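Work through the exercises below with the model open. Try each task before reading its solution.

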Amino acid sequence: MIFAAPLKMKREDSAITKVLGKAKYFGIYDDEKNRVEVIVNENPGGAAIFRQLRAGNVDVLLTPHAGPGAVRASLELGIALYYCGEERKSLEEAVAEFKEGRYPAITPENFHQFH
């Protein structure tokens, strides 16, 4: 499985940022290879990041916030959205917590709780 999260800085151990579409960087964690790669958000400011993530075969996006555009784009492109909380953590920490079942899915019905 391949995970992604918006990052504050262009570092593999960067904390997840509270912005989504406007994040400058995204961490991509390949569960099979057990490594993080940081990419630049080529289209900051909207749901276009989901096309970039889908091109990188991302299955799950972990984020502290998601609006209606993000939810719509994630559904259209088949990327599952999960709320990873507001506390400071790295992508690898978030993936470990996700695997423990600690994160709720962000859906069209509940996204307002995470926006």
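A salt bridge is a side-chain nitrogen of Lys or Arg within 4 Å of a carboxyl oxygen of Asp or Glu. The model is predicted: local features need pLDDT of at least 70, side-chain atom pairs count only at pLDDT 80 or more, and totals for chains, interfaces and linings use all residues. Residues are numbered from 1 along each chain as its sequence is written, and side-chain values use heavy atoms, with hydrogens and water left out.

**Exercise 1. Salt bridges**

Task: State how many salt bridges the rule gives. Then trace the network that contains Glu87, Lys89, Glu97, Glu100 and Arg102.

Solution.
Step 1. Start with the principle. Side chains of opposite charge can pair when their charged atoms come close.
Step 2. Take the count. The rule yields 7 salt bridges.
Step 3. Look at Lys89. Its partner is Glu87, with the closest N and O atoms 2.9 Å apart. Lys89 counts as buried because its relative accessibility is 6%; the class limits are under 20% relative accessible area for buried, over 50% for exposed and partly exposed in between (1.4 Å probe, protein chains only).
Step 4. Move to Glu97. This residue bridges to Arg102, and the closest N and O atoms are 3.8 Å apart. Glu97 has a relative accessible area of 16%, so it is buried.
Step 5. Add Glu100. Glu100 also has a salt bridge with Arg102, at 3.2 Å between the closest N and O atoms. Arg102 is exposed, at 52% relative accessible area. Glu100 is exposed as well.
Step 6. Join the pieces. Through shared partners, salt bridges link Glu87, Lys89, Glu97, Glu100 and Arg102 into one network.

**Exercise 2. A charged patch**

Task: Which residues form the negative surface patch? Place Glu12 within the fold.

Solution.
Step 1. Fix the rule. Patch residues have over 30% relative accessible area and no salt bridge; like charges are joined within 9 Å, nonpolar side chains (Val, Leu, Ile, Met, Phe, Trp, Tyr) within 5 Å. Asp and Glu count as negative, Lys and Arg as positive; His and the chain ends are not counted.
Step 2. Name the members. They are Glu12, Glu37, Glu92 and Glu93.
Step 3. Locate Glu12. It sits in the loop between strand 1 and strand 2. Strands (E, at least two residues) and helices (H or I, at least four) are DSSP runs, numbered from the N terminus.
Step 4. Check exposure. Glu12 has 52% relative accessibility, so it counts as exposed.

**Exercise 3. Two loop residues**

Task: Is Thr17 buried or exposed? Which residues does Asp31 contact beyond its sequence neighbours?

Solution.
Step 1. Place Thr17. The loop between strand 1 (2-7) and strand 2 (25-30) holds it.
Step 2. Classify Thr17. The relative accessible area is 11%, so Thr17 is buried.
Step 3. List its contacts (heavy atoms within 4.5 Å). With neighbours within four places in sequence set aside, Thr17 meets Pro6, Leu7, Lys8, Ala23 and Pro64.
Step 4. Turn to Asp31, in the loop between strand 2 and strand 3. At 25% relative accessible area, Asp31 is partly exposed.
Step 5. Give its contacts. Beyond neighbours within four places, Asp31 is in contact with Met1, Phe3 and Lys99. Asp31 and Ile2 are 29 residues apart in sequence, with their C-alpha atoms 5.9 Å apart.

**Exercise 4. Positive phi**

Task: Where in the fold are Asn34 and Asn57? Give the phi of Asn34 and of Asn57.

Solution.
Step 1. Recall the background. Most residues other than glycine have a negative phi.
Step 2. Take Asn34. Its phi is positive, about 55°. Asn34 belongs to the loop between strand 2 and strand 3 (35-40).
Step 3. Take Asn57. Here phi is positive too, at about 65°. Asn57 lies in the loop between helix 1 (49-55) and strand 4 (60-63).

**Exercise 5. Helix 2 and the segment after helix 3**

Task: Describe the surroundings of Val71 and of Pro108.

Solution.
Step 1. Place Val71. It is part of helix 2 (residues 68-77).
Step 2. Classify Val71. Its relative accessible area is 4%, so Val71 is buried.
Step 3. List contacts. Not counting residues up to four places away in sequence, Val71 touches Leu81, Ile106, Thr107, Pro108 and Phe111.
Step 4. Cross to Pro108, in the segment after helix 3. Pro108 is partly exposed, at 40% relative accessible area.
Step 5. Read the contacts back. With the same exclusion, Pro108 touches Val71 and Leu75. Pro108 and Val71 are 37 residues apart along the chain, and their C-alpha atoms are separated by 6.3 Å.

Conventions
Accessible areas come from the Shrake-Rupley method with a 1.4 Å probe; for residues, only the protein chains shown count as cover. The place of a charge is taken as NZ of Lys, CZ of Arg, CG of Asp or CD of Glu.
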